[in-house]
Amino acid sequence: MAELRNTADRSDAQAAIGTRDLHADYLKAAAIVGVVCIHAGLPFEDVYRFGVPVFIGMWAYYLEKALARRSSETHFAYLGQRLVELGVAYIAWTLLYIEKFYQGRWDATPVHTIVGGWFGGYGWSGQYYFVILFQLTLLFPLLRRWVAEAPTLPVIAAGVALNVAACYWLFENRWISAVGDRLFIYWIPYVAMGIALARGEFGRKPGLAIVAVLLLLAAPLESRLFTEHSAYLSVTVTIASLLLLMSAVAADRVQPQPPKIVGRTIAFVGRNTFAIYVANVAMLEVCRSTGITAFAVSHAGPWGLIAVVTATLAGGLGIGWLLQALGLGVLVGKR
């Protein structure tokens, strides 16, 4: 998730100078684990909802860095290429999952359901991320100009207020709720934060991670106490996601100590999150159909799903490696 050409550009540049941002890799690894935990059905899923907001923020961070390295005359061509690559991955994985999950249902399904549902963000778990990125990529030139011209914190605060208002009140309107959180406007706070971090407006503040974790631990309680229409727009998840970005991402790329084997493993997962994101649905289906999921749950209850999550992560990495070896790296966000 939050990879595509951003990851490729970043990997090339940092590999050349040996300065990968390990803090960002660690956060990305945590985010993708959270996404898989949600899809696998682990308890307390609201705790893991920071995944996609973090990916959106980091996507904006890397895209801003990529544009800053290029002349303004090439920006639209670059963004166009990014859209094409995003579209190729979206179409390939969507067709794969639709063939699997909706086989034989084309004739009996209304066109508006096929377009707005199967292809509009609800066709498979995580598909909405592509829908959001299509919108944000098209609007990115305007968004980065907006962030440059307006004070960043008020923009982010206004976005947070909108998210909370939508989550608890605006979604009661059937037209607004029909679009749901697929609309770009709800993700502007993370885009603004990503751009601001890329421009060095905020320095890395590791201590904020503790506050973010406490907010995420409170997210299930918020969900239980208050009626909400989108867990991604709740106040705990929204603020926690922004704080996590500030705790791990910064333009200066000050490096931690060289990681040991566990750190290298986590960083490796963080460098390949897009492959896991698009392939985790397939891997979870394999675990279900082969009885792995049922076996894990029967022996350890819901927490047995942790083994399923681990297998899914490993399978996603394997699929990513295989597609790159076959020259199909674009399907997993690699050039």
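**Close-up views of a helical chain**

**View 1. Aromatic pairs in the predicted model.** The count of aromatic ring pairs comes to 18 in this structure, which is a predicted model. A good pair to begin with is Tyr-90 and Phe-134: the ring centres are 5.4 Å apart and the planes meet at 90°, and because an angle over 60 degrees counts as edge-to-face, the pair gets that label. Tyr-90 belongs to helix H4 (residues 75-101) and Phe-134 to helix H6 (residues 128-149), so the pair ties together parts that lie 44 residues apart in sequence. How buried or exposed are the two partners? Tyr-90 has a relative accessibility of 9% and therefore counts as buried, while Phe-134, with a relative accessible area of 21%, is partly exposed.

**View 2. The aromatic cluster around Tyr-90 and Phe-134.** Let us widen the view a little. Which residues are linked into a cluster by ring pairs? The members are Tyr-90, Trp-93, Tyr-97, Phe-101, Trp-124, Tyr-129, Phe-130, Phe-134, Phe-274 and Tyr-277. Tyr-90 and Phe-134, the edge-to-face pair of the previous view, are both among them.

**View 3. The whole chain, for orientation.** Before moving to other sites, here is the setting. The secondary structure comes to 15 helices and 0 strands. For 335 residues, a compact globule would have a radius of gyration near 20 Å, and the 19 Å of this chain agrees with that. Along the principal axes, the C-alpha atoms fill a box of roughly 50 × 50 × 40 Å. Buried residues make up 53% of the 335. Among contacts with a separation of 6 or more, 81% are between residues 24 or more positions apart. As for the surface, the chain exposes about 14,900 Å², with 69% of it supplied by carbon and sulfur atoms. There are 26 positive and 20 negative side chains, and the centres of these two sets lie 6 Å apart.

**View 4. Val-36 in helix H2 and its distant partners.** Val-36 has its place in helix H2. Its relative accessibility is 0%, so Val-36 counts as buried. What does Val-36 touch, leaving aside neighbours within four places in sequence? The contacts are Ile-276, Asn-280, Val-309, Thr-312 and Leu-313. Val-281 is also worth finding here: 245 residues separate it from Val-36 in sequence, yet the two C-alpha atoms are 8.5 Å apart in space.

**View 5. Phe-44, an exposed residue with a positive phi.** Follow the chain on from helix H2 (22-40) and you reach the loop that leads to helix H3 (51-68), where Phe-44 is found. The phi angle of Phe-44 is near 60°, a positive value in a residue other than glycine. Phe-44 has 54% relative accessibility and therefore counts as exposed, the cut-off being over 50%.

**View 6. Val-52 in helix H3.** Beyond the loop, Val-52 sits in helix H3. Is Val-52 buried or exposed? With a relative accessibility of 1%, Val-52 counts as buried. The C-alpha atom of Val-52 is separated by 9.9 Å from that of Lys-28, which lies 24 residues away along the chain.

**View 7. Ser-234 in the loop before helix H11.** The loop between helix H10 (208-225) and helix H11 (235-248) holds Ser-234. Loop or not, Ser-234 counts as buried, because its relative accessibility is 2% and the limit is under 20%. Which residues does Ser-234 touch, not counting those up to four places away in sequence? They are Cys-167, Tyr-168, Glu-222 and Glu-228.

**View 8. Thr-238 inside helix H11.** Our last stop is Thr-238, found in helix H11. At 0% relative accessibility, this threonine counts as buried. Not counting residues up to four places away in sequence, Thr-238 touches Val-160, Asn-163, Tyr-190, Tyr-232 and Leu-233. For a sense of scale, the C-alpha atoms of Thr-238 and Ala-192 are separated by 13 Å, with their positions 46 residues apart along the chain.

Notes:
Residues numbered from 1 in each chain as written. Predicted model: local features only at pLDDT ≥ 70, side-chain atom pairs only at ≥ 80, totals over all residues. Heavy atoms only, no water. Helix = DSSP H or I, 4+ residues; strand = E, 2+ residues; numbered from the N terminus. Rg over C-alpha atoms; globule rule 2.2 N^0.38 Å. Buried < 20%, exposed > 50% of the residue type's maximum accessible area, 1.4 Å probe, protein only. Contact = heavy atoms within 4.5 Å. Areas by Shrake-Rupley, 256 points an atom, 1.4 Å probe, with all protein chains shown as cover. Lys, Arg positive; Asp, Glu negative; His and termini not counted. Charge placed at Lys NZ, Arg CZ, Asp CG, Glu CD. Phe/Tyr/Trp six-rings, centres within 6.5 Å; stacked < 30°, edge-to-face > 60°.
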